[in-house]
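Me: Please take me through this model by setting its terms against the values behind them. I should like each label justified before it is used.

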Amino acid sequence: MSTGEVIAVASDKKHNFSKTVKQEITLLANFGVEGDAHAGKTVQHLYDKKKAPGLPNLRQVHLIQYELFIELKKKEIEILAGQMGENLVTAGIDLLNLPVDTILSIGNVMLKLTGLRKPCYKLNAIHPNLLESVIEKKSDGTVRYKSGVMAVVINGGVIRQGDGIFITKPLTKHKELMPL
């Protein structure tokens with residue numbers, strides 16, 4: 001029995017902010033989503049590529065939890081799959097609280113979580129309150145980003161809507177996901 005489910009998959013060959021929802025996407029080991037602008041062995045995010053083009057790409061796949069869409073809808077912010085630039089929309093998994101190096105298995109595909117997706121001002125082009133809605137300011141002064149997690153592809157394969165997701169947490173001490 002799976003722990004979670006894939007609600008939608010998306011990709012875009014250009015560096016557009018939003019991605020197009022697809023029937024399926026193919027993931028390539030140590031590379032990312034086939035045909036996606038953010039796929040590559042080295043960093044592909046335009047801002048980071050200018051600063052340090054040779055660094056390993058820890059943002060090969062962007063996952064976001066469907067539960068965030070429900071939370072945002074209560075604030076009258078309607079978000080569609082792919083709109084925030086994610087490759088996978090999941091349900092039933094608390095992605096944000098999983099530790100670094102957690103493995104998500106989806107069929108033959110294995111993804112390793114690398115960090116939190118740090119939200120940017122471009123979210124406000126979708127809705128003027130979206131950026132502030134995905135940044136939670138805690139009472140102790142710390143900030144928690146809720147705009148999804150990033151992963152690298154360990155084993156490639158095809159992912160489709162409805163696929164089950166299995167979680168394997170690392171055996172080492174829990175190390176929380178940090179913004180990338």
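**Labels and their grounds**

Reply: To begin with β1 in this predicted model: the strand is mostly covered, since six of its eight residues are buried.

Me: What makes β1 and strand β6 (residues 88-91) a pair?

Reply: A pair requires at least two bridges. β1 and β6 are joined by four bridges in the antiparallel sense, and so the pair meets the criterion of at least two. One of the contacts in register is that of Glu5, whose bridge partner in β6 is Ala91.

Me: How do you know that β1 also pairs with β2 and with β13?

Reply: The criterion is again at least two bridges. Strand β2 (residues 20-22) is joined to β1 by three bridges and runs antiparallel to it; Ser11 has Thr20 of β2 as its bridge partner. Strand β13 (residues 164-168) pairs with β1 over two bridges, also antiparallel, and here Gly4 is matched with Ile165. Both pairings therefore qualify.

Me: Why are β4 and β12 said to stand at the edges of their sheet?

Reply: The sheet in question is open, with three strands in the order β4-β3-β12 and antiparallel pairing. β4 (32-33) and β12 (157-160) each have a single partner strand, so one side of each lacks a neighbour in the sheet.

Me: How do you know that β3 and β4 are paired?

Reply: Two bridges link β3 and β4 in the antiparallel sense, and because at least two are needed, the pairing counts. Gly32 in β4 is the bridge partner of Leu28.

Me: Which residues touch the most other members of the largest nonpolar core, and which elements supply the core?

Reply: The core has 25 residues, and Leu27, Leu63, Leu88, Leu111 and Ile159 touch the most other members. Two or more residues each come from β1 (4-11), β3 (24-28), β5 (61-65), β7 (103-106), β8 (109-116) and β11 (149-155). The greatest contribution, four residues, is that of β8.

Me: What makes Leu88 a member of a nonpolar core?

Reply: Membership requires a buried residue of a listed nonpolar type, joined to others through side-chain atoms within 4.5 Å. Leu88 belongs to the largest core, and therefore satisfies these conditions. Beyond its neighbours within four places in sequence, Leu88 is in contact with Val6, Ala8, Val9, Ile25, Val61, His62, Leu63, Ile64, Ile106, Leu111 and Ile159. Another core, of 13 residues, lies apart from the largest one and includes Leu68, Ile79, Leu123 and Val134.

Me: Why is Lys146 called buried?

Reply: The term applies under 20% relative accessible area. Lys146 has 9%, and is therefore buried. The residue is in the loop between β10 (143-145) and β11. Leaving aside neighbours within four places in sequence, Lys146 is in contact with Gln65, Leu68, Glu71, Leu96, Ser133, Val134 and Glu136.

Me: Why is Glu67 called partly exposed?

Reply: Buried means under 20% and exposed means over 50%, with partly exposed in between. Glu67, at 34% relative accessibility, therefore counts as partly exposed. The residue is in helix α2 (residues 66-74). Leaving aside neighbours within four places in sequence, Glu67 is in contact with Thr90, Ala91, Gly92 and Ile93. Glu67 and Gly92 are 25 residues apart in sequence, with their C-alpha atoms 7.9 Å apart in space.

Me: What lines the largest pocket, and what is its volume?

Reply: The volume of the largest pocket is about 640 Å³. Of its 25 lining residues, Phe17, His38, His45, Arg59 and Cys120 are the closest to the centre. α1 (46-51) and β5 are the elements that give two or more residues to this lining, and the largest share, three residues, is from α1. By class, the lining has ten nonpolar, eight polar and seven charged residues.

Me: What lines the second largest pocket?

Reply: The second largest pocket holds about 250 Å³ of space. Its lining has 14 residues, with Leu116, Lys138, Arg144, Glu176 and Leu177 the closest to the centre. β10 gives the most, three residues. By class, the lining has eight nonpolar, three polar and three charged residues.

Technical notes
Residues are numbered from 1 along each chain as its sequence is written. This is a predicted model: local features need pLDDT of at least 70, side-chain atom pairs count only at pLDDT 80 or more; totals for chains, interfaces and linings use all residues. Side-chain values use heavy atoms; hydrogens and water are left out. Buried means under 20% relative accessible area, exposed over 50%, partly exposed in between (1.4 Å probe, protein chains only). Contact means heavy atoms within 4.5 Å. On a 1 Å grid over the protein atoms alone, a cavity is a set of points where a 1.4 Å probe fits but cannot get out, and a pocket is an open set with protein on both sides within 12 Å along at least five of seven lines; lining residues have an atom within 4 Å of a point. Grid points are joined across faces, edges and corners, and a volume is the space filled by probe spheres set on the points. Ala, Val, Leu, Ile, Met, Phe, Trp, Tyr, Cys and Pro count as nonpolar, Asp, Glu, Lys and Arg as charged, and the others, Gly among them, as polar.
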